[in-house]
Amino acid sequence: MSGVRAQQKQKTRQALIEAAFNQLSADHSFSNLSLREVAREAGIAPTSFYRHFKDMNELGLTMVDEAGLTLRQLMRQARRRIASGGSIITTSVVTFMEFIDNSSNQFRLLLRERSGTSKAFRAAVAREIKHFILELAHYLESETPCDATHAYIQAEAMVTLVFNAGAEALDIEGQQRDELVERVIWQLRYITRGASKYVRDGNKE
């Protein structure tokens, strides 16, 4: 019986997270959400919210964690696709753009709270981006001549570039989106080729 209750509690907790994500939009940020609205969309009484989260801030921090995890899982899938054949840069950029299309509100949350007014939220987003950079750095270290330090620097540059492009991609579509993707692919190629040449030349400027 306790197992069933635990499953139901987890199901309701997830419903609250999804309800909050559903209410985000280009014009509606997390700070605009109300506990009552989120609870109503999740199908529970507002007072029941506190059985799952201490307050809206705890819900928001959980959403940041979930958004970051979703993105990292997608990029891991992309790397598996690369292993079976395909361009690392093209596949990664296309996968990232798919994340923005399919989970635009999750990306909006990361984007907005990255420079938001809440120190706790900024730290949570920075932590998720750091995880993302580290995973890419480990991949680059294992697949390229770069050592750990230079792999991290390269990964950081690539993630920064892609996140900035993602912000632009939210507001465009069609040919403009295609042109953005192509531009980002070339920019990433410049970074990776520059890094490879730097290593080959013995780290000489």
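These notebook entries follow what I looked up in a predicted model, going from the nonpolar core to helix H2 and then to Thr192.

**Core.** I began with the largest nonpolar core, which holds 57 residues, and found that Leu59 and Met63 touch the most other members. I then listed the elements that give two or more residues to this core, and these are helix H1 (2-23), helix H2 (35-42), helix H3 (56-83), helix H4 (88-102), helix H5 (104-114), helix H6 (119-143), helix H7 (148-169) and helix H8 (174-200). For Leu59 I looked up the contacts beyond four places in sequence, and I noted Leu16, Ile17 and Ala20, together with Val38, Phe49 and Phe53.

**Helix H2.** Since Val38 had come up as a contact of Leu59, I turned to H2, where the buried residues are Leu35, Val38, Ala39 and Ala42. These four lie on the same side of H2, because they cover an arc of only 95° around the axis. As a reminder to myself, an α-helix has 3.6 residues a turn, so residues three or four places apart point the same way. On the face of H2 turned away from the buried side I found the exposed residues Arg36 and Arg40. I also recorded that Gly43, which follows H2, has a positive phi near 80°.

**Thr192.** Is Thr192, a residue of helix H8, buried or exposed? I entered it as buried, because its relative accessibility is 17% and the cut-off for buried is under 20%. Its side chain reaches the backbone oxygen of Arg189 at 3.0 Å. Setting aside neighbours within four places in sequence, I listed Ile89, Gln154 and Met158 as the residues in contact with Thr192.

Conventions:
Residues numbered from 1 in each chain as written. Predicted model: local features only at pLDDT ≥ 70, side-chain atom pairs only at ≥ 80, totals over all residues. Heavy atoms only, no water. Core = buried A, V, L, I, M, F, W, Y, C linked by side-chain atoms within 4.5 Å. Buried < 20%, exposed > 50% of the residue type's maximum accessible area, 1.4 Å probe, protein only. Contact = heavy atoms within 4.5 Å. Polar contact = N/O pair within 3.5 Å; in protein donor to acceptor, adjacent residues only side chain to side chain. Arc of directions from axis to C-beta.
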